[in-house]
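Student: Could you go through this protein with me? I'd like to see how the labels people use are earned.

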Amino acid sequence: MSINHKDVTPLLEFIKIDRFYVVCHFRCKITNKTIISTVPFEPYDGKIEISWQEILMHPIDTYNRYYHTSITIYDNNSHDTIVIKAFEKILKYFEWSNSYNSYIYTAKRV
């Protein structure tokens with residue numbers, strides 16, 4: 001089963017964004033348990049990889065490429081967002097419940 005934003009966003013309790021990381025707090029409304037996931041603050045269409053040669057030879061282009069790349073934190077139409085990546089990191093603590101039609105905290109660790 002693929003993870004959809006409509007299933008994950010009800011679990012989102014808090015998101016903190018700083019220069020390097022995005023911290024997402026996911027709370028199960030049934031068990032009232034919160035799990036925190038931290039992911040790097042970078043675009044998830046692909047990592048930005050810059051070689052030292054690029055920095056040395058083309059510093060302005062490198063700066064523009066790094067700091068002006070769009071970053072998608074949340075988007076209903078995309079499955080490659082920071083919120084989904086953060087939830088995938090802690091998915092082992094949750095399991096889908098058909099009776100609640102939601103992810104439920106199960107405390108099992110894989």
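**How the labels are earned**

Tutor: Sure! Keep in mind that this is a predicted model, where local features need pLDDT of at least 70, side-chain atom pairs count only at pLDDT 80 or more, and totals for chains, interfaces and linings use all residues. Residues are numbered from 1 along each chain as its sequence is written, and side-chain values use heavy atoms, with hydrogens and water left out.

Student: Why is Cys 24 called buried or exposed?

Tutor: Buried means under 20% relative accessible area, exposed over 50%, and partly exposed in between (1.4 Å probe, protein chains only). Cys 24 has 0% relative accessibility, so Cys 24 counts as buried.

Student: What makes Glu 13 and Arg 27 a salt bridge?

Tutor: The label needs a side-chain nitrogen of Lys or Arg within 4 Å of a carboxyl oxygen of Asp or Glu. Here the closest N and O atoms are 3.0 Å apart, so Glu 13 and Arg 27 form a salt bridge. Glu 13 sits in strand S1 and Arg 27 in strand S2, 14 residues apart; strands are DSSP runs (E, at least two residues), numbered from the N terminus.

Student: What makes Lys 6 and Asp 7 a salt bridge?

Tutor: Their N to O distance is 3.4 Å, so this pair passes too. Lys 6 is exposed at 59%, while Asp 7 is buried at 10%.

Student: How do you know that S2 and S3 pair?

Tutor: Pairing takes at least two bridges found by DSSP. Seven bridges join S2 to S3, so they pair, and they run antiparallel.

Conventions. Helices (H or I, at least four residues) and strands (E, at least two) are DSSP runs, numbered from the N terminus.
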